[in-house]
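Subject: Structure handover

Hello,

Here is the structure for you to look through. Please open it first, then read my notes below.

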Amino acid sequence: MNPDAPHSPRTVDEVPGHEALVGGLEVWPQLDPFAATVRWQLLQLGQLVQRSIDRVAAANGLSHAEVAILAALKRFGPPFEASPSQLQGAHWVTLPGLAKPIARLEALGYVARRPNPGDRRAVIVQLTAEGHRKMTDIIENQAPPEYWAIARLDPERRAALEAVLPDLLELLLASVPVDPPDHQAGLETT
């Protein structure tokens with residue numbers, strides 16, 4: 001298959017594993033087939049993206065959380081810095097869950113910590129020049145397959161995703177209960 005060729009839309013019947021999903025819907029006929037199918041596809045997509053990010057992180061000698069922190073600092077824009085609380089908000093992690101990856105990134109020379117001028121008891125984490133180079137290399141030269149798959153979508157399908165995904169995310173964020181802090185540590189993606 002040519003990775004640059006546009007893909008024709010597929011029906012849900014053509015998605016691998018659809019038969020198992022349909023079998024489950026026969027057991028639970030009260031479920032909305034569309035909602036169940038979309039949920040199942042989102043789960044598959046999430047797992048694929050997680051594995052992909054983990055592969056890119058490992059190829060760079062980093063953890064998923066470390067790449068997420070570097071990416072967040074870069075996304076904050078100049079001067080590429082944030083408090084741990086801001087990083088926590090960007091990644092749904094607990095503050096204690098940030099301490100170890102920030103310390104490791106600092107040891108690698110990718111971030112620097114300095115006192116927060118607004119609160120001397122707190123710190124600001126800033127992307128160093130080396131951290132900026134590393135994140136730029138990851139973004140520009142090591143983009144994972146899901147990035148390219150999304151980038152190759154035709155304009156109509158891109159517009160459809162752009163229209164529905166923010167609404168779905170908003171609904172989920174409003175309705176999914178927040179896990180206790182010890183369960184949030186696994187939510188280190190963006």
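First, a definition you will need: two strands pair if DSSP finds at least two bridges between them. Arg113 is a case to look up, since this residue stands opposite Val125 in strand 3. Keep in mind that this is a predicted model.

**The overall picture**

The chain holds 9 helices and 3 strands. Their order along the sequence is α-α-α-β-α-α-β-β-α-α-α-α. The chain has 190 residues, and buried residues make up 27% of them. Now take the contacts between residues at least 6 apart in sequence. Of these, 55% join residues at least 24 apart.

**The sheet**

The 3 strands form an open sheet. The order is 1-3-2, and the pairing is antiparallel. Which strands sit at the edges? They are strand 1 (81–82) and strand 2 (111–116), and each of them pairs on one side only.

Some background helps here. Strands of a sheet pair through backbone hydrogen bonds, either parallel or antiparallel.

Start with strand 2 and strand 3 (residues 119–127). Their antiparallel pairing runs over 6 bridges. A hairpin of 2 residues links strand 2 to strand 3. You can follow the pairing residue by residue. Ala112 stands opposite Gln126, and Arg113 stands opposite Val125.

Next, go to the other side of strand 3. Strand 1 and strand 3 also run antiparallel, joined by 2 bridges. Here Glu81 stands opposite Gln126. So look at Gln126 from both sides: Glu81 faces it in one pairing, and Ala112 faces it in the other.

**Two residues in strand 2**

Pro115 and Asn116 both deserve a look. Pro115 is in strand 2, and Asn116 is in strand 2 as well. Is each one buried or partly exposed? Asn116 is buried, because its relative accessibility is 17% and the cut-off for buried is under 20%. Pro115 comes out at 45%, so it counts as partly exposed.

Now check what they touch, leaving out residues up to four places away in sequence. Asn116 touches Ala122, Val123 and Ile124. Pro115 is in contact with Arg120, Ala122, Val123 and Ile124. Pro115 also lies 9.8 Å from Ser83, C-alpha to C-alpha, with their positions 32 residues apart in sequence.

**The loop before strand 1**

Find the loop between helix 3 and strand 1. Pro79 is in this loop, and Phe80 is there too. The peptide bond from Pro78 to Pro79 is cis, with omega near 5°. Phe80 has a positive phi of about 55°, although it is not a glycine.

**Helix 3 and what it meets**

Helix 3 lies across strand 1, strand 2 and strand 3. Its direction is about 90° to strand 3.

Helix 3 (residues 64–75) also meets helix 6 (residues 129–141). Their axes come within 10 Å and cross at roughly 100°. That makes helix 3 roughly perpendicular to helix 6, because angles of 65 to 115 degrees count that way.

Which residues make the contact? From helix 3 come Val67, Leu70, Ala71 and Lys74. From helix 6 come His132, Lys134, Met135, Thr136, Ile138 and Ile139. By type, the residues of this contact divide into 6 nonpolar, 2 polar and 2 charged.

**A residue in helix 5**

Ala103 is in helix 5 (residues 95–108). With 33% relative accessibility, Ala103 counts as partly exposed. Ala103 and Glu66 are 37 residues apart in sequence, but 9.8 Å apart in space, C-alpha to C-alpha.

**The aromatic pair**

How many aromatic pairs are there? The count comes to 1. The rings belong to Tyr147 and Trp148. A pair of aromatic rings is described by the distance of the centres and the angle of the planes. For Tyr147 and Trp148, the centres are 4.8 Å apart and the planes are at 85°. The pair is edge-to-face, because the angle is over 60 degrees. Tyr147 is partly exposed, at 47% relative accessible area. Trp148 is also partly exposed, at 40%.

Best wishes

How values were computed
Residues are numbered from 1 along each chain as its sequence is written. This is a predicted model: local features need pLDDT of at least 70, side-chain atom pairs count only at pLDDT 80 or more; totals for chains, interfaces and linings use all residues. Side-chain values use heavy atoms; hydrogens and water are left out. Helices (H or I, at least four residues) and strands (E, at least two) are DSSP runs, numbered from the N terminus. Buried means under 20% relative accessible area, exposed over 50%, partly exposed in between (1.4 Å probe, protein chains only). Axes are lines fitted to C-alpha atoms, for helices over the stretch in contact, and angles run from 0 to 180 degrees between N-to-C directions. Angles under 35 degrees count as roughly parallel, over 145 as roughly antiparallel, 65 to 115 as roughly perpendicular and the rest as oblique. Contact means heavy atoms within 4.5 Å. Ala, Val, Leu, Ile, Met, Phe, Trp, Tyr, Cys and Pro count as nonpolar, Asp, Glu, Lys and Arg as charged, and the others, Gly among them, as polar. Rings of Phe, Tyr and Trp (its six-membered ring) pair if their centres lie within 6.5 Å; planes under 30 degrees apart count as stacked, over 60 as edge-to-face and the rest as tilted.
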